[in-house]
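Colleague: I should like to go through the assignments in this model and ask what each of them rests on. Could we take the evidence point by point?

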Amino acid sequence: MEKKWWHKKTAYQIYPKSFYDSNGDGIGDIQGIIQKLDYLKELGVDILWLSPVYLSPCADQGYDIADYYRIDPQFGTMEDMDQLLEEAKKREMHILMDLVVNHCSDEHEWFKKACQDPQGEYGKYFYIEEKKDGKLPCNWRSYFGGNVWEPIPGTDKYYLHLFHKKQPDLNWENPKVREEVYKMVNWWLDKGLAGFRIDAIINIKKPLPFKDYPADREDGLCDMGQVLADARGIGQFLGEMRDTCFLPHGAFTVGEVFNVRKEEIRDFIGEQGYFSSMFDFSQTVEGKSAKGWYASQIPSPDDYKRCCFESQKTAQGIGYLSNIIENHDEPRGVSHYLPPEGRQEKGKKLLAAMYFMLKGLPFIYQGQELGMENSVYQSIEDIDDVGSKDEYRRCLEMGCSEKEALDIVGHYTRDNARTPFQWSCEENGGFTKGKPWLNLNPNYKTINAESQVGKEDSIYSFYQKLIRLRKNPQWQETIVYGETVPILEKEENLMAYYRKGEGQTILVLGNFSGDEKNVNLAQLDWSRAQILLSNDQLEEREKGRVTLQPWQCAVIGISQ
């Protein structure tokens with residue numbers, strides 16, 4: 001593998017609206033990020049990805065962009081953004097922004113002009129169609145529920161939106177659209193961005209002409225997964241964007257790529273890939289159902305282990321994955337992957353070590369380093385996320401009681417990751433002096449940064465140690481480039497793997513249960529081993545054997 005500047009880094013995702021509010025209006029902002037850069041530097045992260053701060057009406061929390069060249073006033077100004085880039089550079093940190101170009105906002109100037117003249121130049125920037133024989137062009141279901149076609153008022157025409165109706169899809173088949181996108185991307189890279197996280201990018205290539213697919217619900221519509229599986233030729237667009245924007249700037253790019261075919265992974269993240277990396281979502285989609293959240297199953301620890309190992313095997317020798325346990329679209333990892341009895345400090349450290357030590361670029365989502373958990377909701381009115389409201393309706397339609405529906409949605413809702421960052425036990429968790437835009441998790445008084453920073457055995461400190469281990473010159477080459485070799489895969493509630501480097505091996509062990517677990521490793525010679533990190537004492541050790549305490553993890557270095 002050709003070595004890149006970002007391989008040895010650790011990344012951190014910031015959801016600006018919920019990170020830190022500098023002016024008391026209840027909304028996090030860019031100046032708030034600047035004020036907390038030293039906190040992030042102390043943690044040890046190098047790359048910061050910011051969820052959207054562009055001008056937006058926020059129908060989908062900023063992922064509906066009205067102007068790619070302006071900062072939304074709720075977050076600050078372009079001068080604030082320039083200052084953030086400058087302050088990050090002083091700390092040898094790199095800033096990524098969200099690149100949202102499958103769709104824009106219906107308040108973008110392009111779409112306004114398209115509605116004024118659907119047959120004109122800007123009408124071709126979008127997918128605008130008419131009914132034929134009284135029928136819409138296709139039966140695709142929006143990611144947020146309902147048909148993907150929305151009428152343009154005052155006309156007999158409809159526009160396509162795979163997401164919210166205020167997020168019209170851009171027509172990437174139109175070279176002028178691509179030219180405008182590349183111009184914008186280069187403008188930001190020229191300002192000093194290190195690169196982008198690329199949103200929902202697999203959706204830019206539609207299977208054309210539009211057609212129906214077999215319905216998978218009573219509404220007569222089909223899930224977008226069916227549609228994307230039938231799309232071909234996305235490489236033309238992504239290769240063009242890579243060559244026009246990313247390569248000339250040496251930019252780091254990480255794709256939000258669902259539904260990628262295994263045989264195409266090399267095209268996406270190989271030596272000549274469209275992107276530097278892409279997120280491993282195998283665990284986040286595990287157990288999800290196209291029928292809706294009501295039919296989804298929460299993955300077990302063994303499901304989690306299997307997904308991790310399958311992804312590692314698929315990417316081996318091809319490219320570099322980006323590894324997560326949560327992000328702004330998912331429930332909190334500790335609430336999703338750990339059973340209730342494991343959601344304490346030891347269990348949270350265990351989950352941290354098991355994902356962090358896999359091959360790939362580790363991403364930490366804000367608050368993850370504190371062990372932040374899913375929130376508590378008393379009614380659907382407490383939930384802000386638009387997609388969650390549709391899933392709540394779906395649960396009721398399928399016979400769930402209101403309590404059952406709220407419990408299901410309360411687990412999966414994106415709001416879990418979007419509750420304000422818990423800085424302290426003060427009012428509003430130290431996030432704002434005003435009224436927070438979204439209710440805090442009630443547990444902020446016990447789970448917060450102030451109570452963990454500087455405390456030797458805290459979850460925050462454990463993440464610090466993981467990052468320092470990744471940067472330790474003695475072990476770095478093995479951690480960054482070593483092959484992942486799963487072992488003891490059939491052992492229930494045990495996740496175990498080697499990271500194989502030149503002249504050394506790292507053994508990673510994790511006990512996902514409340515019972516002691518005896519692990520037999522015939523070739524393990526403790527005289528050549530050292531414990532690099534653990535969340536508990538390894539009390540019983542002998543040649544070829546170790547006993548793990550409940551919820552214990554251990555990272556063991558072995559010299560050859």
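The exchange below deals with the sheets, the helices packed on them, and the enclosed and open spaces.

Colleague: What kind of model is this?

Modeller: This is a predicted model.

Colleague: What makes the eight strands a closed barrel, and which strands are they?

Modeller: The strands run β1-β2-β5-β9-β10-β11-β12-β13 as a closed barrel, with parallel pairing. On average, and with direction ignored, neighbouring strands of this sheet are turned by 25° against each other.

Colleague: How do you know that β11 and β12 pair?

Modeller: Two strands pair if at least two bridges are found between them. Strand β11, residues 277-279, and β12 have three bridges in the parallel sense, so the pair meets the criterion of at least two. Among the bridge partners, S277 is matched with Y320 in β12.

Colleague: Which helices lie across strands of the barrel, and at what angles?

Modeller: Helix α3 (residues 78-90) lies across β2 (47-50) and β5 (94-99), and runs at about 140° to β5. Helix α12 (residues 345-356) lies across β12 and β13 (361-365), and runs at about 145° to β13.

Colleague: Why are β17 and β19 described as standing at the edges?

Modeller: The open sheet has three strands in the order β17-β20-β19, with antiparallel pairing. Each of β17 and β19 (541-542) has a single partner strand, so one side of each is left without a neighbour in the sheet.

Colleague: How do you know that β20 pairs with β17 and with β19?

Modeller: Strand β20 (residues 545-548) is joined to β17 by four bridges and runs antiparallel to it, with V519 bridged to V546. Between β19 and β20 there are two bridges, also antiparallel, and here E542 has R545 as its partner. The threshold for pairing is at least two bridges, so a count of two is sufficient.

Colleague: Which residues of β17 belong to the covered face, and which to the uncovered one?

Modeller: In β17 (residues 517-520), K517 and V519 form the covered face, while N518 and N520 form the uncovered one.

Colleague: What makes a space a cavity, and how many are there of 30 Å³ or more?

Modeller: A space is called a cavity because a 1.4 Å probe fits there but cannot get out. The structure holds four cavities of 30 Å³ or more. The largest has about 60 Å³ of space, and the second largest about 50 Å³.

Colleague: What lines the largest cavity?

Modeller: Its lining consists of Q312, A315, Q316, G319, Y320, L321, K359, G360 and T484. Both α10 (301-315) and β12 (320-323) supply at least two residues of that lining. By class, three are nonpolar, five polar and one charged; Gly counts as polar, so G319 and G360 fall in the polar class.

Colleague: What is the class make-up of the lining of the second largest cavity?

Modeller: That lining has five nonpolar, three polar and one charged residues. Among its members are Y15, P16, K17, C58 and F75.

Colleague: What is the volume of the second largest pocket, and which residues are closest to its centre?

Modeller: The second largest pocket has a volume of about 500 Å³. Of its 26 lining residues, K4, G270, E271, F275 and S276 are the closest to its centre. The elements giving two or more residues to this lining are α7 (234-249) and β10 (252-255), and α7 gives the most, with three. By class, the lining of the second largest pocket has 12 nonpolar, nine polar and five charged residues.

Definitions and conventions
Residues are numbered from 1 along each chain as its sequence is written. This is a predicted model: local features need pLDDT of at least 70, side-chain atom pairs count only at pLDDT 80 or more; totals for chains, interfaces and linings use all residues. Side-chain values use heavy atoms; hydrogens and water are left out. On a 1 Å grid over the protein atoms alone, a cavity is a set of points where a 1.4 Å probe fits but cannot get out, and a pocket is an open set with protein on both sides within 12 Å along at least five of seven lines; lining residues have an atom within 4 Å of a point. Grid points are joined across faces, edges and corners, and a volume is the space filled by probe spheres set on the points. Axes are lines fitted to C-alpha atoms, for helices over the stretch in contact, and angles run from 0 to 180 degrees between N-to-C directions. Contact means heavy atoms within 4.5 Å. Buried means under 20% relative accessible area, exposed over 50%, partly exposed in between (1.4 Å probe, protein chains only).
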